Structure formats: structure tokens, C-alpha cells
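Morning, everyone. I have one structure to show you today. Have a look at it first, then we'll walk through it.

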Amino acid sequence: MSSSRRIKNVSISVPILYGNHAEKLTDDKRTAITPPDHTHEWTVFLKPVLDGVDLTPLIKRVTFKLHETYDTPVRSIESPPYQVTETGWGEFEIIIKIHFHPGSELGINEKNFQIFHGLKLHPFNPKAPPRENGEVHSVLYDELIFQEPTEATFEILTRKPFNLLPETIEDEEKKDQEFSRGDESDELARLDVFIHKIKQEIETQKNKYQDLEQEKIALLQ
Amino acid sequence: MSANDVLDVLNIQRDTSGQPAKKKAKTSNDGTTGLRQSGMARELYNLLGPNTPPVNLQNTANNTGIKDKWKTKATPWTLQEFRPTAEPGKEEGVKLYHWVRGAKELLQQESLKQPYFFKKFNTNVDIPELVDEKTYDKFMVEIKEHVKEEKKIQRQKEKQLEKERKAKEKKEKQRQERLEKEKLKAKEAKEGKKKEVKEEEEEDEQDEKEDDEEEEDEEEDDDDEEIEDNEPEWTYEETAYLFDLCKAFELKWHIIHDRYHHENERSQEDLKEQFYRICKYIYANDTNGNPTLIEGLGAFSKIKETERKQYLERLLRRTPAEIAEEESLVIEARRFELAAKKMLVERSNLLTLLDYPQSSQSVSQYQSSQGIANLYSNLMIMDKNQKKRQQSTAVDPIPPPIPLAASSSSRKERSFQTHLQQYLTGLVKQNQQQNGKHEMSAVQALLTKRLSVKDEEAYGLHYHNNEKLTPGVVLRSSQRLHGLQQRQSVLKSVNTILEELDMATAAGTSWKPVMPTRKTMAKYDELLRSVITLLDLKRGRDKLESEIQLIRSQKGLE
């Protein structure tokens with residue numbers, strides 16, 4: 001089969017979410033092996049935005065590289081949900097590595113891919129008020145773009161429409177954990193405003209520049 | 001590079017005793033500084049030391065500058081009339097002029113002595129004068145008879161072919177009828193034989209009658225055709241008109257046909273035919289006519305010419321698809337030929353292998369050492385023979401290369417298509433080859449189907465027209481933006497500017513869309529670009545401001 005052939009001039013994207021949830025470590029959750037200085041329990045994860053999306057035909061496993069002070073800092077997750085729950089006291093950068101299925105007979109033929117996520121245990125967004133229960137959610141939206149995918153990859157990614165995001169999110173609690181088409185249009189509007197402002201600024205700067213130019217000419221004469 | 005540099009490089013301490021020597025060198029060189037030094041010579045000269053005077057680069061020896069040229073007088077040029085005919089009385093139409101070097105008087109004198117320079121380019125096509133009306137009529141009669149004869153011959157040929165065909169058909173028919181009759185015979189054997197004989201005779205008679213009728217029909221057809229073929233006859237006056245045009249436009253047929261305004265509508269081929277055949281007769285009746293020329297004139301065939309043009313027309317009107325199909329067929333055919341040749345080679349190789357001695361005999365005779373030696377020598381002889389034969393007969397057939405025209409034009413064609421289209425056509429072809437075995441796979445189906453924008457969005461699919469993609473996985477948020485360099489610094493300045501303009505940026509290092517989708521990233525790209533232009537503008541303004549300040553301070557000082 002020619003399934004490992006790449007499809008030219010086509011890219012296909014899969015929206016994903018990655019990040020972490022964190023909450024304060026309460027006493028009843030502590031076990032005998034929990035170090036006493038750990039203050040938070042957190043979960044780092046990577047998942048497709050839509051629940052029904054199955055990426056196992058593509059992804060062999062996902063590894064999370066934690067801080068070296070942890071036991072076996074590289075945690076390998078073979079099947080979804082791709083997530084690691086740990087306790088700790090400090091923030092650090094976690095390397096999330098996606099391993100695609102190797103082997104030429106499968107024809108996926110993609111290199112492993114790394115995403116960096118800075119673990120958040122404390123409220124980080126000054127605009128969003130910290131939750132009362134001390135939960136922290138640092139969820140990031142992104143899209144995996146397969147540029148010039150192989151036919152096999154393409155076939156897997158077109159089994160279902162993976163990009164059908166919901167228009168809005170009903171659950172108020174989850175506003176900062178999920179993303180919708182509405183968010184996208186908000187963002188677009190915001191960007192439009194920015195661009196408009198910049199354009200205006202360009203106009204004023206241009207005028208000033210022209211004024212200065214004339215001043216210079218007047219001075220030289 | 002000076003001597004100092006060299007000494008530095010070589011790490012040599014300069015001692016004071018060297019200086020007087022240099023002075024000497026300097027004085028000795030003074031006399032030659034007038035000479036121009038360049039290239040290697042100058043480099044060497046520079047090596048003498050720091051105190052040597054600068055090389056005098058001005059060349060004062062020969063002062064042939066532009067100034068001298070200014071003083072010389074310009075050569076005179078005269079505007080002269082262009083005289084293609086060189087006959088003073090016959091000038092008409094456009095008058096053209098051209099420049100000639102030299103004074104007017106001088107040129108006039110020269111023109112009397114020498115023939116006009118451009119006269120040799122004024123040539124005429126050799127067209128025979130048209131004969132008088134009587135001989136013309138005679139020609140026309142001959143031509144008509146000739147045409148009739150030719151037509152008759154042709155028709156007879158056609159008839160013969162037709163007859164042969166019909167005869168064949170008839171034989172076939174009769175055979176079939178006979179077969180049927182035999183069957184009938186077997187059935188009617190009980191009823192008696194006399195009846196059958198009668199029937200057979202009757203049928204034969206009927207056949208003959210039919211034949212006669214058919215022949216009569218054909219003759220009638222011939223008469224009809226002759227009437228249809230007749231085109232408006234060529235009168236003497238029209239032919240004379242044609243000859244005039246031919247002379248005027250020097251046998252440029254397209255122009256002649258374009259300017260041909262006569263009561264009879266005639267095609268270009270009609271004109272050519274009439275002109276050539278009349279010319280032929282004129283030359284034939286001339287005593288010193290060139291026989292090869294006459295033969296050449298007779299070679300023109302109107303039917304073939306029109307056919308040729310039709311073919312060309314059809315060739316031109318082919319659609320790209322048809323052209324592509326033809327080319328693919330040619331290539332296919334080539335492939336078949338190659339395969340056949342390859343098979344022949346393989347077969348011949350196989351045959352030579354089969355020629356080797358067969359070991360049907362028992363092995364026992366080769367078990368002694370002498371036996372083996374015998375076998376060995378036998379095989380050697382066989383092998384030599386084989387080689388000789390191969391060298392003499394079987395020169396490996398070289399596969400003919402695929403015609404250049406086909407491959408190159410297909411390449412051209414290909415450049416018009418996008419890569420995607422190429423890919424699709426490739427897929428379709430592949431499918432055709434495996435026809436029937438596979439249904440179209442889902443990938444191909446999806447690709448060939450025209451997706452709506454909404455569908456594309458739902459699948460996250462995007463067709464990149466002319467961008468270069470590096471195959472592999474990327475994150476949308478870190479996707480490389482086209483044409484943006486120095487990203488880090490740009491991002492920083494974007495951030496500062498956004499803050500300056502009081503736009504809400506999330507606390508953090510570099511601001512980016514929270515939800516990086518294809519749309520938002522495109523917008524983000526636009527934002528970055530406009531920020532860059534803004535930055536450039538600001539930089540320009542700052543520069544101007546400082547310049548103005550400088551000027552002001554200068555003026556203040558003055």
C-alpha cells in the first residue's frame with residue numbers, strides 16, 4: 001500500500017487541550033508515602049478537545065517528564081486518559097511528549113512531538129479571581145497540525161470531524177477549562193480591535209512623520 | 001598593506017637602523033613616481049614603507065580626452081528618399097525616407113555613378129503572363145476533360161472495391177442460406193425432394209435480379225455526383241483578376257484570398273488550384289518550359305490540401321484532456337513495447353540456457369577422474385560456442401527511449417496543475433489500473449470530493465496553495481509565520497506597544513492568542529505585521545526628530 005505517501009499541500013489539524021489541574025492537599029488525602037512538605041495535588045494531562053475523539057490509532061503513548069526529584073521522572077502513559085497525578089510543593093516545567101506509532105507498515109511516519117507546560121499550583125491569572133476552594137486550572141488550547149500528512153494519518157484524522165467545537169459552554173464553572181467556537185470569535189473580535197488601534201496609531205505616526213519632514217525642509221531652506 | 005603590517009604579522013621588531021635605508025629607497029624611487037602603478041605593482045610599491053610618497057595615479061602622458069572630440073566637426077547626414085522602384089515616373093503611395101551618411105551634394109553625385117543601393121532587394125516573383133482568351137478557353141476544355149477522366153478512373157476503382165465487397169457479402173449470405181436450407185432439407189426429407197429443387201432455382205434467379213437492380217442504382221448515383229461537384233466556372237476575366245492579384249501580392253495566398261472580391265465565392269484552395277493548373281498549361285505550351293517546374297505545378301491536389309487543413313484544424317481544436325489522453329496512450333504503448341522486448345530478451349536467455357547438455361545419462365560415467373575431465377572439456381567447448389553465438393547474433397535490443405516531445409510537454413502541462421491536482425490525477429490513474437479490484441479508499445474519496453468550507457473546518461482540513469510546507473507535526477501556537485524574521489524581538493516590541501496602547505495583555509512574557517486556531521493565528525499574523533510597520537514608522541520619526549534637533553543646534557550656533 002502507498003499509505004505512507006504524503007499528501008502534498010494539505011494540512012489537517014486536531015484541537016487538543018493540555019495543562020494541569022491543582023488543588024490543595026487536604027489531610028485526608030495524604031497517605032503514608034506522601035512527603036510531609038507536599039502541599040498540592042495536581043494532574044497534568046493531554047487530551048483532544050472533543051470527548052469522542054480517539055487518537056489511539058495515531059498515538060502509541062504519551063510520556064510526561066516531571067522534575068528530576070520525582071521517582072521515575074518520565075511517566076509513560078500507554079492509553080487514554082493521558083494524565084499523571086502527583087503531589088508536590090513547587091512549580092516546574094513538564095515536557096509532554098507524544099509518541100506516534102512507529103513502523104513503516106502503519107505508514108504514520110511522524111516524529112515524536114514535544115509540548116512544554118509550566119505546571120501551575122497557584123493562581124496565575126490576575127484577572128480571574130482565585131477560586132475559594134483553592135483549585136487552579138491551567139488549561140491551554142492548541143492544535144496539532146499535521147502538515148502534509150501521510151495517507152494513513154489522513155485517513156485516521158478524517159474518520160470523524162474532529163474540529164466541531166461547541167458554540168458555547170454551558171457550565172460556568174468550566175469556563176476556564178474548556179474552549180468553544182464562541183471563544184474563538186471573541187478572540188477574533190479582540191484581535192480586530194487591536195489591529196484597528198494599531199492602524200490608527202500608524203495613521204497618527206504617519207502624519208507626525210510628514211509634519212516633521214516638512215519642518216526639516218523648512219529648516220534647511 | 002604597508003610594510004608595517006607585514007612586519008607586525010611576522011612579529012618582527014622594527015629597528016632604527018632600517019630607516020636610513022628606507023630613505024634611500026624613497027629618494028631612489030622619486031624619479032619613477034610619475035609612472036602609473038596599478039594592481040600587484042602598486043601593492044609591491046606600498047611594501048617599501050610608510051614614508052614613500054603616494055602613487056601618482058594621474059596619467060599626464062597622453063591627453064586624448066573628450067575635449068579633442070568636441071573640436072572636430074560632426075559628419076553630415078542627409079535624409080534621402082527611399083526609392084524602391086527607381087523609376088521616376090512610377091512613384092505612388094507612401095513616400096519613405098532614410099538617413100544616409102554624407103553631404104547632400106556628394107550623395108547626389110554618387111547616386112548618378114552607382115546603382116541605387118537598395119535596388120537589389122527589390123525583387124519580383126516570376127509569374128507567367130496570362131495567355132489570350134482563345135488559348136485560355138482551350139486550356140479550360142482540356143482541363144475539364146482531364147478532370148472528368150480522372151474522376152471516372154477514381155469512380156471505377158471505387159466501384160470495383162464496392163463490387164468486391166458486395167460479392168463477399170453475397171457469398172456469405174448464400175452460404176448461410178444454404179446452411180439453413182440444409183437444415184430445412186433434413187426436416188422436409190419426408191415430404192419429398194422435388195419441391196426443394198424448384199425452390200432453389202427460384203431463389204437463385206431472385207438473387208441475380210437483385211444484382212442487376214443494384215448496378216443500375218450505382219450508375220444513377222454517378223450522374224448525381226457530377227452535378228453536385230460543379231463549382232462556378234472560371235471565366236477568362238476572373239482568371240485574369242486572379243493573376244493580377246497573385247502578381248500584386250507575390251503569391252502570398254492568405255492575402256490574395258483576403259483581397260479576392262469577385263462575384264463567385266472561392267476558397268483559398270480553389271484559387272490555388274486554378275492558378276497552378278493554368279500556369280502548368282502555360283509552361284507546358286511554352287517551348288522552353290522547365291519540366292520539373294511543370295511536374296511540381298501538377299502535384300497540387302485540392303482535395304488533399306483541404307483535407308490537410310481539416311486535420312490541422314482538428315489537431316488545434318483538441319482539448320487539453322484529449323491531448324493528455326493521447327500522450328498517456330503513447331507512453332502506455334511505449335511501455336508495452338518495452339515489456340515485449342524485455343520478454344524477448346529473457347526468452348532468448350532462457351533458450352540459451354536450455355541448450356546446455358542435459359544430464360539424462362547416469363552419473364556413473366563421470367565418477368572417475370578421467371570422466372570428470374572429459375565433462376569439463378566438453379562444457380568448456382559448449383560454453384565457447386555459446387558465447388560466440390551470442391556475440392554474433394544476439395545484440396541486446398536497446399529499448400527505444402520515450403519520445404522527448406511527449407515527456408517534455410507533459411512536464412509543461414504538469415506545471416500548470418497544482419501539486420494537489422497532480423496527486424489526485426495520480427490516484428485516479430492508479431485506481432484505473434487496479435480497476436475493479438478496489439473500491440476507492442476513503443482518503444481518495446474525501447480528497448476527490450469537493451468539500452464545503454464548513455466541512456473543511458469540521459475536519460480541520462486546509463489546502464495550501466503555494467506555501468511550502470515542511471511535512472511533520474507542529475503546534476498551531478508555534479507555527480512559523482511567513483516572512484517574519486527576528487521573531488523574539490518582534491514579539492517583545494509587540495508586547496510593549498500593546499501595553500503602551502493600553503490593550504489588555506495577559507500578564508506574561510509574550511502575548512499570544514489564548515485560543516490559537518487557524519483564524520486567530522491569521523489575525524495574529526496581521527497584527528504582528530502592522531505592529532512592525534508601526535515600529536518602522538516610529539524609528540523613522542525618531543531619526544527625523546534627532547536630525548531636526550541637530551540642524552537647530554547648528555543654526556543656533558551659527
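Before the first stop, one term: strands here are DSSP runs of E, at least two residues long, numbered from the N terminus. And keep in mind that this is a predicted model.

Start with chain B. Two of its strands matter here, β1 (77-81) and β2 (97-101). Each supplies at least two residues of a nonpolar surface patch. Which residues make the patch? They are B:Trp77, B:Leu79, B:Tyr97 and B:Trp99. The patch covers about 510 Å².

Pick out B:Trp99. This residue lies in strand β2 of chain B. Buried or exposed? B:Trp99 has 54% relative accessibility, so it counts as exposed. The cut-off for exposed is over 50%.

Now the interface. People often give the size of an interface as the accessible area lost when the parts come together. For chain A and chain B, that buried area is about 6100 Å². Carbon and sulfur atoms give 67% of it. In chain A, the residues that lose the most area to chain B are A:Asn9, A:Gln147 and A:Phe194. Together they make up 12% of what that side buries.

Count residues instead. On chain A, 62 are in contact with 63 on chain B.

Next, the polar side. How many salt bridges cross between chain A and chain B? Four, by the rule. Here is a salt bridge to find on screen: B:Glu547 with A:Lys216, at 2.5 Å, N to O. Seven residue pairs are in polar contact between the two chains, both residues at pLDDT 80 or more.

Last stop: which element gives the largest share of chain A's side? That is α2(A), with 24 residues.

Notes: Residues numbered from 1 in each chain as written. Chains lettered and ligands numbered in written order. Predicted model: local features only at pLDDT ≥ 70, side-chain atom pairs only at ≥ 80, totals over all residues. Heavy atoms only, no water. Patch = residues over 30% accessible without salt bridge, like charges linked within 9 Å, V, L, I, M, F, W, Y side chains within 5 Å. Areas by Shrake-Rupley, 256 points an atom, 1.4 Å probe, with all protein chains shown as cover. Salt bridge = Lys/Arg side-chain N within 4 Å of Asp/Glu carboxyl O. Helix = DSSP H or I, 4+ residues; strand = E, 2+ residues; numbered from the N terminus. Buried < 20%, exposed > 50% of the residue type's maximum accessible area, 1.4 Å probe, protein only. Contact = heavy atoms within 4.5 Å. Buried area = accessible area lost by both parts, 1.4 Å probe. Polar contact = N/O pair within 3.5 Å; in protein donor to acceptor, adjacent residues only side chain to side chain.
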